[in-house]
Amino acid sequence: YHLGNIYCDAQDIQLGIRMYLKAIQIIPRYAEAYNNIGNTYILMGRNEEGIKYCQLALGIDDSMSHAYYNLGNAYYNLGQKAKSIEMLKKSIKLNPVYLEAYNNLASGYAEAGNLDEAIRLWNQCVKLDPNFMVAHFNLAVFYFERKEYALAIKHCDRILALGGQVDSRFLEKLKPYWNKR
């Protein structure tokens, strides 16, 4: 199992999958190995295969928030937004501090046009981890789109304070509002 992680991290994906499969041969109910195979396939763009393995993992252990998260990503990639949202909600229910799941769920809501829910979820991210730059960036963009410039600037300031970068073109758009906050 750990060799599978090592090989996948080193970009030898096929060997990594073989190592996970060997782990499953030794321990047939190794849910983490099934989930990691699923995630690897999803990252490779082979979403249907990834779904199969994540579902096998959940058949063994239905408390795996990562497996629901991976399913959420796979369904999103396949254009099945409602199913993606459902899986990400399950992931968060099992792991209420799973920042990436909140972020992806917020993105799903934003794409569906539910900006209030997206912003609520991104704010939950920064409440859980004030240093989570991805959420600060998303909040800056969506507050800008809503013409809530002071809030957009606040999140840009936080990104910069954390040592991150904000695209200079975006900062240029905010420039007229910078001193008005």
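Trainee: I'd like to learn to read this model one residue at a time. Which residues does S91 touch, leaving out those up to four places away in sequence?

Mentor: Good place to start! Keep in mind that this is a predicted model. Not counting residues up to four places away in sequence, S91 touches S65, Y68, Y69, Y98 and A101. S91 itself sits in helix α6, which covers residues 81–94.

Trainee: Is S91 buried or exposed?

Mentor: The idea is to compare the relative accessible area with a cut-off: under 20% is buried. S91 has 0% relative accessibility, so it counts as buried.

Trainee: Before more details, what does the secondary structure of the chain come to?

Mentor: The chain has eleven helices and zero strands. Its C-alpha trace spans about 65 × 30 × 25 Å along the principal axes. Of the 181 residues in the chain, 45% are buried. You can also look at how far apart in sequence the contacts reach: among contacts with a separation of 6 or more, 40% join residues 24 or more positions apart.

Trainee: Now to helix pairs. How are two packed helices described?

Mentor: They are described by two quantities, the angle between their axes and the distance between those axes. Take helix α2 (residues 13–26) and helix α3 (residues 31–43): their axes come within 9 Å and cross at roughly 160°. Angles over 145 degrees count as roughly antiparallel, and α2 and α3 are therefore roughly antiparallel to each other. Their crossing is left-handed.

Trainee: Which residues make the contact of α2 and α3?

Mentor: On the α2 side they are I13, I17, Y20, L21 and I24, and on the α3 side A33, Y34, N36, I37, T40 and Y41. Sorted by class, the contact has nine nonpolar residues, two polar ones and no charged ones.

Trainee: What about α5 and α7, at what angle do they pack?

Mentor: Their angle is about 30°, and the axes lie 10 Å apart. That makes α5 roughly parallel to α7. This crossing is left-handed too. Y69, N73 and Y76 of α5 meet E100, A101, N104 and E111 of α7. By class, that contact of α5 with α7 divides into three nonpolar, two polar and two charged residues.

Trainee: Let's stay with α5. How many of its residues are buried?

Mentor: Ten of its 13 residues are buried, so α5 is mostly covered. Among them are Y68, Y69, N70, L71 and G72. The buried residues of α5 pack against α3, α4 (47–60), α6 and α7 (99–111).

Trainee: And how far does α5 reach from its first C-alpha to its last?

Mentor: Helix α5, residues 65–77, reaches 18 Å, close to the 18 Å expected at 1.5 Å a residue. After α5 comes G79, with a positive phi near 80°.

Trainee: One more residue to practise on: in which helix does A57 lie?

Mentor: A57 lies in helix α4. With a relative accessible area of 0%, A57 is buried. Setting aside residues up to four places away in sequence, A57 touches A31, Y34, N35 and M64.

Trainee: How far apart are A57 and Q25 in space?

Mentor: From C-alpha to C-alpha, A57 and Q25 are 14 Å apart, with their positions 32 residues apart in sequence. Try locating that pair in the viewer, then go back to S91 in α6.

Conventions. Residues numbered from 1 in each chain as written. Predicted model: local features only at pLDDT ≥ 70, side-chain atom pairs only at ≥ 80, totals over all residues. Heavy atoms only, no water. Helix = DSSP H or I, 4+ residues; strand = E, 2+ residues; numbered from the N terminus. Buried < 20%, exposed > 50% of the residue type's maximum accessible area, 1.4 Å probe, protein only. Contact = heavy atoms within 4.5 Å. Axes fitted to C-alpha atoms, helices over the stretch in contact; angles between N-to-C directions. Parallel < 35°, antiparallel > 145°, perpendicular 65-115°, else oblique. Left-handed = near helix turned anticlockwise from the far one by under 90°. Nonpolar A, V, L, I, M, F, W, Y, C, P; charged D, E, K, R; others polar. Expected span 1.5 Å × (residues − 1).
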